[in-house]
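This report looks at a sheet, at the nonpolar cores and at one helix. The sequence and the structure come first.

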Amino acid sequence: KQPRILRLRAKFLPKEKMERMFWNGIVEYFDDDGKGCITLDELGPLLEGINPNPQEGTIQATEELLNEIDTNGDGVISNDELYEFMTQNSKAVDANVSRLANELMWQVFLLMEDGCSVGDMIMAHWQLNPERDLESTGKEDKKLKKEILVQVRKTGKLEIELIPNYIRVCMRLMYSSRLGRKTVSGSKVKKILKRMTLRQGRTYDSPASRKQIIPFIQFHSLNVDEIRDDLDSFRNFNEFFYRKLKPSARPICKPDDPSFVVSPADCRLSIYPGISKATEIWIKGKTFSIANLLQDEVLASVFDGGSIVIARLAPQDYHRYHSPVTGTLQDFKSIDGGYYTVNPIAVNKPFDVFCENKRVVTTIETEHFGQVCFVAIGATMVGSINMTKKPYDALHKGEELGYFAFGGSTCITLFRVG
């Protein structure tokens with residue numbers, strides 16, 4: 001046997017240089033306006049993003065805190081000022097937060113992949129088992145809990161849904177920060193979320209992102225036996241994310257009986273016999289209406305008083321969506337919009353995420369239900385909605401309609417009265 005040779009290359013970097021690289025990367029990622037510094041509006045998402053374990057402490061983004069970090073008094077935080085603040089044991093930094101930030105830095109550099117920034121690594125890798133309220137100075141935001149309970153239909157048991165780090169940051173940005181509470185529908189928040197979404201999409205399209213496939217499978221305990229293609233065939237994380245399943249993985253209920261409706265996706269499913277009941281119980285957006293959702297008054301009138309089915313896909317779900325009914329697909333209407341999270345906490349708040357987000361609207365002409373409306377809605381970190389069928393294609397229920405790239409997302413199906 002030939003002897004095996006293992007060659008290692010090592011490069012020494014002083015701790016101070018590593019720390020500066022880390023905090024420079026943090027500033028670069030959360031610097032939304034590209035000015036090379038952090039404003040008060042950007043400080044909240046930054047502080048939330050760097051904390052992999054918020055149960056152990058969170059620093060609140062206040063003007064007082066910004067003034068303490070901003071030692072030269074120019075109203076913004078530079079790379080050097082953030083580095084000095086986070087590494088010189090400032091009295092404003094809780095010992096737990098300082099310790100966690102230091103641990104996070106070493107984990108990031110140990111896991112760093114080619115083509116990924118410090119911010120990309122933080123947003124991609126840290127996921128939470130939520131256990132506490134998001135801290136906030138607003139009275140209404142005290143109710144903003146991070147725990148999501150999902151009932152598993154097969155067992156009837158309640159399970160806690162894990163919330164990815166990027167959703168936690170977006171939730172804080174939208175509802176628990178000064179910027180979010182005052183301007184959640186404004187251009188600043190939209191710009192930040194769009195930038196985060198497009199940037200994360202590029203990260204997950206890179207070949208280096210393949211390394212995240214196995215940890216993602218292990219973290220979410222995914223059943224790899226259901227996946228149609230070999231794991232080695234995926235060229236990047238996104239290809240794995242919108243993977244196809246084996247035909248036997250999702251049996252269709254009464255496939256030859258078009259009078260039965262099936263779920264459009266692997267999802268957390270909510271069904272309401274009346275749209276008014278859905279807005280009373282679940283969808284709390286102040287401006288939510290079917291007309292706003294569809295951007296079509298005439299089409300909306302067809303479903304006045306009808307039923308609504310809401311299928312929310314979490315990041316760990318199979319992300320291809322399928323026709324809930326048998327019929328003929330009609331024209332597509334793409335509606336541009338934002339990238340707000342469709343997390344149920346957001347849906348239960350006054351801001352209308354469904355009518356603000358990017359979406360594709362189509363209808364299906366059926367024999368048993370008449371005209372059925374199908375809406376595919378993107379969300380935070382969902383950069384694309386991809387239809388794999390064409391207008392006027394004949395559809396069999398359970399047949400694939402399209403897929404979402406990385407992130408959570410939602411499908412809404414509307415039925416007419418009767």
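## The open sheet

An open sheet is formed by 3 strands in the order E7-E13-E11, with antiparallel pairing, where strands are DSSP runs of E with at least two residues, numbered from the N terminus, and two strands pair if DSSP finds at least two bridges between them. Strand E7 (320-322) and strand E11 (385-387) are the edge strands, each pairing on one side only. From one strand to the next the twist averages 25°, with angles running from 0 to 180 degrees between N-to-C directions of axes fitted to C-alpha atoms.

E11 and strand E13 (residues 400-404) pair in the antiparallel sense over 3 bridges; methionine 387 has glycine 402 in E13 as its bridge partner.

## Basis of the model

The model is predicted, so that local features need pLDDT of at least 70 and side-chain atom pairs count only at pLDDT 80 or more, while totals for chains, interfaces and linings use all residues. Residues are numbered from 1 along each chain as its sequence is written, and side-chain values use heavy atoms, leaving out hydrogens and water.

## Nonpolar cores

The largest nonpolar core (buried Ala, Val, Leu, Ile, Met, Phe, Trp, Tyr and Cys residues joined through side-chain atoms within 4.5 Å; buried means under 20% relative accessible area with a 1.4 Å probe, protein chains only) has 21 residues, and Trp23, Ile26, Leu43, Leu46 and Leu82 have the most contacts inside it. Helices H1 (15-30), H2 (40-49), H3 (63-69) and H4 (79-87) each supply at least two residues of this core, helices being DSSP runs of H or I with at least four residues.

Notes
Buried < 20%, exposed > 50% of the residue type's maximum accessible area, 1.4 Å probe, protein only.
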